[in-house]
Structures are given as C-alpha cells and as structure tokens.
Amino acid sequence: MAEVTWPGEELITAAQGGDIDAIAAVVSAAHPNIQRFARSLCADAEDAEDAAQEALIILYRKIGMLRATGALASWMFRIVRNECLRRARRRPVAYTPVPDTAVTDSAEYEALRRLEAGRVAAAVAALPPDHRRVLILRDIQGYSGRVVAETLGIGPAAMKSRLHRARAAVRQTLHTTSESDSGGEHEHNDT
C-alpha cells in the first residue's frame, strides 16, 4: 500500500495562523486522506462524498481551532466519522415488499452494514486517544508498523502493544453491544 502523507507541521502552523495559501494547501493535501476516511466509514458512496466535502469545509473554516499540528489526522477522522454517523441516522432505510428475494436480501444486508459501520466507528471513537491513533494509523490508514511507531514517537513494541489493546477493546465493545442487543430479547422471551 502506498504511503499516505498529511501536510507538514510548518504548513499546518501557517494555516492555523490564517495564511490563506497555507490553508488552501492543507485542504488540498488532506483531501485524499479525508476521502479515504469517508469511504471506509460511510454507508455508501454518496454519503462518503458528502461527508468528505463537509469535512473539507470544516477544515477550511476552522483550521485555527486545531490545538496541535500533529492532531490533524485524528481531528479529521472524528469530523468524518461524525458526518457519516449523522448521515446514516438521517437516512431512512426503506423496506418495500418485493417478490425478488435477492433485492430484499440486499436491502436487509445494507441496513445491517450501516448499523455495523456505526457501531465500529463508535467503538473506535471510545478508545483512549493513544490507542485510537495507533489503530487509525495502522488499520484505517494502512501505514506500516514502523511508520506508525515513528509517527507517534514510540518504539515498535509499544506500538504493537497499543494496537493489540485497541483491537481487543474494539472487539470487546462490539461483542458486548451485540450481546446486550440479543440479551435484551432473550430476557423478554423468558418472561
């Protein structure tokens, strides 16, 4: 996988200071990363495109609010995630009776996929920041373990440990929420 880069610290600092050319350069450089986030988090291509555009607008307007230059990726991930979740909640899933079971299965599958994407995004968002950054860089952005460790200024062993804990926490959260969803049904059936 090709290495994906974010704008440099000097450029981000200039953009935070209000330099219009720097802001335009940051938005332009961040665009491919933001699109990748949106494609991986949103339920469909249309929502992904809309969420990416909204995130770019927010970046352009509010770059001065970014507290740390190294937090651009996690800030953009949160914005895209929130946009995707907002769009998924807003969009009704229409079920129309159609005799063709392939179409019906497709609608059911799509609804389940949207719910699952929202659950995964919420589980990732609930991680402690150091675990979330490792997980995003390694599993979502696709950086190598070495690059993730260097980017975060930690050793490879610490990176692997954090990644393992982050993945385990996401799995546990997803397992717990799926058990509580089905557990509630079982309680009602027993009475």
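These exercises work through salt bridges, helix α7 and confidence in a predicted model.

The model is predicted, so local features need pLDDT of at least 70, side-chain atom pairs count only at pLDDT 80 or more, and totals for chains, interfaces and linings use all residues. Residues are numbered from 1 along each chain as its sequence is written, and side-chain values use heavy atoms, with hydrogens and water left out.

**Exercise 1. Find how many salt bridges the model holds, and place the pair Arg-86 and Glu-83**.

Step 1. Apply the rule: a side-chain nitrogen of Lys or Arg within 4 Å of a carboxyl oxygen of Asp or Glu. The count is three.

Step 2. Check the distance. Arg-86 and Glu-83 form a salt bridge at 2.7 Å, N to O.

Step 3. Locate the pair. Both residues sit in helix α4 (residues 72-90), three residues apart, about one turn of the helix. Helices here are DSSP runs (H or I, at least four residues), numbered from the N terminus.

Step 4. Classify exposure. Buried means under 20% relative accessible area, exposed over 50%, partly exposed in between (1.4 Å probe, protein chains only). Arg-86 is partly exposed at 33%. Glu-83 is buried at 9%.

**Exercise 2. Work out which helices the salt bridge between Arg-162 and Asp-130 ties together**.

Step 1. Take the distance. The closest N and O atoms of Arg-162 and Asp-130 are 3.9 Å apart.

Step 2. Assign the helices. Arg-162 lies in helix α8 (residues 156-190) and Asp-130 in helix α6 (residues 129-140), so the pair links parts 32 residues apart in sequence.

Step 3. Add exposure. Arg-162 is partly exposed at 23%. Asp-130 is partly exposed at 27%.

**Exercise 3. Describe helix α7 through its salt bridge and its buried residues**.

Step 1. Start with the pair. Glu-150 and Arg-146 form a salt bridge, with closest N and O atoms 3.3 Å apart.

Step 2. Explain the spacing. An α-helix has 3.6 residues a turn, so residues three or four places apart point the same way. Glu-150 and Arg-146 are four residues apart in α7 (residues 145-152), about one helical turn.

Step 3. Sort by exposure. Glu-150 is exposed at 53%, and Arg-146 is exposed at 54%. The buried residues of α7 are Gly-145, Val-147, Val-148 and Ala-149.

Step 4. Look past the helix. Gly-153 follows α7 with a positive phi, near 70°.

**Exercise 4. Find where confidence is highest and lowest among the helices named**.

Step 1. Take the chain. pLDDT is the predictor's confidence in each residue, from 0 to 100. Its mean is 78, and 76% of residues reach 70 or more.

Step 2. Take the extremes. Confidence is lowest in helix α5 (residues 101-125), at a mean of 66, and highest in helix α1 (residues 9-16), at 90.

Conventions:
Helices (H or I, at least four residues) and strands (E, at least two) are DSSP runs, numbered from the N terminus.
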